[in-house]
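Here are my notes on the model you sent, set out as numbered points. I have kept to what can be read from the coordinates.

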Amino acid sequence: MSFGGLFDGGNGGGAHLVADMAYGTSARAITHPSVLSPPLHLSSMFSSPGLSLALTNLTARGDQNSEPVAGGIGSGELDSARRNKEDENDSKSGSDNLDGGSGDDLELENPRKKKRYHRHTPKQIQELEALFKECPHPDEKQRMELSKRLCLEPRQVKFWFQNRRTQMKTQIERHENAILRQENDKLRAENLSIREAMRNPMCCNCGGPAVLGEISLEEQHLRVENVRLKDELDRVCALVGKFLGKPISNLSTLPPPSLPFIPNSSLELANGLASVPPLSTVMSPTRAIAGGGAAFSGVEKSQERYVFLELALAAVEELVKMAEMEEPLWVLCSNTGRETLNYDMYDQCFARCLGPRPPGFVSEASRETGVVVINSSALVETLMDASRWADMFPSVIARTTTADVISVGVGGTKNGVLQLMHAELQVLSPLVPVREVQFLRFCKQLTDGAWAIVDVSVDATKGDQLKCRRLPSGCVVQDTPNGYSKVTWVEHAEYDEVMIHPLYRPLLRSGLALGARRWLATLQRQCQSLAILMSSSIPADDSTAAIMPAGRRSMLKLAQRMTENFCAGVCASSAREWSKLGGGVNIGEDVRVMTRQSVADPGEPPGVVLSAATAVWLPVSPQRLFDFLRDEQQRSQWDILSNGGPMQEMAHIAKGQNAGNAVSLLRASAANANQSSMLILQETCTDASSSLVVYAPVDIPAMHLVMNGGDSAYVALLPSGFAILPDGGSGGLKPQDGSLLTVAFQILVNSQPTAKLTVESVETVNNLISCTVQKIKAALNCEA
């Protein structure tokens with residue numbers, strides 16, 4: 001999850017998000033000496049046999065492309081047509097000759113030999129970026145001083161700043177264009193409304209059609225607006241009357257805005273006072289978020305706003321009842337220990353707000369209750385913010401946006417906030433497609449310290465395009481005396497399972513893949529991790545007391561980015577631009593291969609990146625499989641990066657009371673005396689619903705910078721790893737349960753972004769992933 005607001009001194013409220021938890025003794029701000037030596041060349045991690053799959057036959061054909069250094073910034077923002085050849089070569093970001101000589105010397109020695117360049121180091125990029133923030137137009141003296149300090153040519157510094165200014169100008173122009181387009185659309189909608197009003201003028205005396213010329217355009221516009229406001233007033237009265245439990249015919253019968261409304265509900269959580277947004281809030285103009293998908297305008301937008309509000313009120317009422325009711329609505333299954341929904345009783349208790357279930361769809365419903373280390377107000381703030389919601393559930397949410405804000409709430413609080421959202425939900429397996437949903441999210445305060453947050457789909461009109469819809473789902477949150485929260489989570493969905501692999505259908509139907517148990521367990525783990533990381537003390541099993549606090553935060557940010565990139569490479573969501581590989585390539589039946597071009601991303605090595613993932617069933621429990629894969633002493637049984645021997649853990653940052661939740665820095669044994677050892681950054685996560693083991697080779701100088709508090713955004717890495725889920729039988733409650741294991745690799749197959757992917761590279765990756773699966777089966781004695 002994102003630690004920007006917590007660690008960078010922002011005002012995100014991190015200091016009061018979670019309850020304080022004391023662990024061990026205070027950290028000491030000294031450097032960890034054993035991790036920083038021996039030095040390793042920056043490109044060693046990508047030239048290892050397990051990662052760099054650029055084939056030797058390409059070299060035989062004359063491919064003289066050098067391997068790039070991780071951490072540089074690309075120069076794709078410049079127009080090469082405006083430069084001569086010399087300026088073009090010199091202006092490339094971080095360009096310089098690898099052999100130490102100038103480009104002209106190389107051309108004299110061998111005119112046919114192509115110049116080779118390397119990219120700036122992370123430290124050089126940081127220095128350049130820092131000066132750019134203070135002075136985007138440095139003079140010659142400043143450029144000379146900077147070039148001497150960074151060991152660069154003055155011309156390189158000059159062109160770097162030119163490129164950076166061009167990039168900044170392009171970003172500003174794009175933002176301004178987006179704003180102008182929105183204003184243009186708004187003016188066009190108002191123009192259409194006025195034209196429509198002019199076609200149908202009304203008489204002020206009889207209310208009937210008026211003859212053109214009898215009334216002025218201004219008076220006609222006011223009358224049209226008056227009719228629209230009366231219609232809105234009637235709708236508001238109807239909605240408020242429904243909420244109060246009695247009809248009202250005039251707004252004068254409403255209590256003053258300062259007095260709370262008392263709902264007509266016998267539920268435990270709704271017996272207290274609950275507020276409804278005042279009329280000024282409900283009737284305020286809808287504020288469209290940049291990049292949103294709302295397509296409503298004028299009168300249609302107002303009508304849609306009230307339809308959405310009525311749907312949200314019905315959904316929150318259903319959610320609270322489903323959270324409170326026991327049998328016969330929820331029946332406890334003795335075999336699995338989980339609650340199942342009695343659909344006959346559900347149909348009797350609730351009127352389906354989205355209509356009957358579409359033909360061919362299957363249903364999944366689940367409920368889970370637990371205590372979370374966070375107070376209710378902080379949890380509500382997190383769930384009502386799209387970016388913070390995605391950071392809290394990184395393995396569940398692939399991408400999310402807020403398309404429209406329909407109601408802004410009461411008195412600056414989240415009570416009454418209603419917004420239209422779009423999300424892509426994922427199961428970490430290439431055999432399960434991403435689940436796209438568009439839904440309303442409504443927040444309602446039930447009592448003091450008790451909230452309900454409900455989601456309900458609004459895309460039921462898509463017909464054949466609809467693949468999934470969420471019935472009223474969400475959570476009911478209550479504060480507890482110790483500063484924590486009691487959370488009851490309800491998930492209810494209907495979806496088309498035709499595109500889902502049969503291996504995963506029982507898992508989804510049981511609700512273990514995207515059900516209440518997955519959401520609540522992930523929330524508990526993430527909040528516990530935040531509580532420990534924000535604590536001033538260090539747990540007893542944390543071996544990073546010798547690392548500065550800034551270094552710990554930088555390592556955690558790097559591990560967070562690594563895990564997010566791993567999930568994006570497995571599920572092929574729209575969060576990253578992956579291209580699926582077509583037919584005609586000799587790969588396994590259940591192996592999915594994707595590729596993309598990495599150009600100007602400082603967090604990845606430039607070139608062609610290939611992602612390969614597959615999923616298998618293993619007759620071992622999820623816990624046993626997780627313990628085996630995260631054990632550095634047994635890593636040589638499946639990992640080619642271990643060089644055939646055990647790995648040594650150099651640093652360990654605990655992220656929870658469970659020992660399986662941690663970030664580690666491992667050192668691989670050197671294959672021979674002339675080869676330097678390699679560092680591997682690894683993050684392991686586990687909870688009651690799933691487990692993750694994600695790792696990536698990292699460069700020693702880059703980790704030296706990170707552990708001293710440097711910016712981890714410029715450390716290039718390509719993650720690989722494993723995702724472990726129960727097989728859906730009894731939900732992992734019995735020792736003999738099986739596991740669904742996802743194996744995924746991201747590998748640099750060519751250092752040139754414009755290079756074409758070869759069949760040999762794909763087959764090599766396919767062999768690597770198949771070999772890894774076979775080694776894991778052999779080590780666990782579960783060969784077929």
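1. This is a predicted model, and I begin with strand β15, in which 5 of the 7 residues are buried, so that the strand is largely enclosed by the rest of the structure. Strand β15 is joined by 6 bridges to strand β16 (residues 662-667), and the two run antiparallel. One pair to look for when tracing this pairing is Glu-649, whose bridge partner in β16 is Leu-666.

2. Which sheet contains these strands, and in what order do its members lie? An open sheet of 9 strands is formed in the order β12-β13-β14-β20-β19-β18-β17-β16-β15, with antiparallel pairing. Its edge strands are β12 (579-580) and β15 (648-654), each of which pairs on one side only. Reading points 1 and 2 together, β15 is thus an edge strand of the sheet and, with 5 of its 7 residues buried, is also largely enclosed.

3. Elsewhere in the same order, β19 (residues 720-726) and β20 (residues 739-750) run antiparallel and are joined by 6 bridges. Within this pairing, Gly-721 has Ala-744 of β20 as its bridge partner. Helix α17 (residues 622-630) packs on the sheet, where it touches β14 (607-618), β17 (679-686), β18 (691-698), β19 and β20, and the direction of the helix makes about 165° with that of β19.

4. A helix-helix contact also deserves a look. The axes of helix α16 (residues 549-571) and helix α18 (residues 700-707) come within 7 Å and cross at roughly 125°, which makes α16 oblique to α18. On the α16 side the contact is made by Gly-551, Ser-554, Met-555 and Leu-558, and on the α18 side by Met-703, Val-706 and Met-707. Sorted by class, the residues in the contact of α16 with α18 are 5 nonpolar and 2 polar, with no charged residues.

5. Is Val-396, in the loop between α13 (386-392) and β5 (397-408), buried or exposed? Val-396 counts as buried because its relative accessibility is 0%. Leaving aside residues up to four places away in sequence, Val-396 touches Glu-424, Leu-425, Gln-426, Leu-514, Arg-518, Trp-519 and Thr-522. Val-427 lies 31 residues from Val-396 in sequence, while the C-alpha to C-alpha separation of the two is 6.6 Å.

6. Two backbone details in loops should be inspected by eye. A cis peptide bond, with omega about 10°, joins Glu-327 and Pro-328, and Pro-328 is found in the loop between α10 (298-324) and β2 (330-332). Cys-151, in the loop between α6 (140-150) and α7 (154-199), has a phi near 60°, which is a positive value in a residue other than glycine. Cys-151 is exposed, its relative accessible area being 68%.

7. Finally, some figures for the whole protein, which has 19 helices and 20 strands. Of its 784 residues, 51% are buried, and the protein exposes about 36,200 Å², of which carbon and sulfur atoms supply 51%. Among contacts between residues at least 6 apart in sequence, 67% join residues at least 24 apart.

Note on methods. Residues are numbered from 1 along each chain as its sequence is written. This is a predicted model: local features need pLDDT of at least 70, side-chain atom pairs count only at pLDDT 80 or more; totals for chains, interfaces and linings use all residues. Side-chain values use heavy atoms; hydrogens and water are left out. Axes are lines fitted to C-alpha atoms, for helices over the stretch in contact, and angles run from 0 to 180 degrees between N-to-C directions. Helices (H or I, at least four residues) and strands (E, at least two) are DSSP runs, numbered from the N terminus. Angles under 35 degrees count as roughly parallel, over 145 as roughly antiparallel, 65 to 115 as roughly perpendicular and the rest as oblique. Contact means heavy atoms within 4.5 Å. Ala, Val, Leu, Ile, Met, Phe, Trp, Tyr, Cys and Pro count as nonpolar, Asp, Glu, Lys and Arg as charged, and the others, Gly among them, as polar. Buried means under 20% relative accessible area, exposed over 50%, partly exposed in between (1.4 Å probe, protein chains only). Accessible areas come from the Shrake-Rupley method with a 1.4 Å probe; for residues, only the protein chains shown count as cover. Two strands pair if DSSP finds at least two bridges between them.
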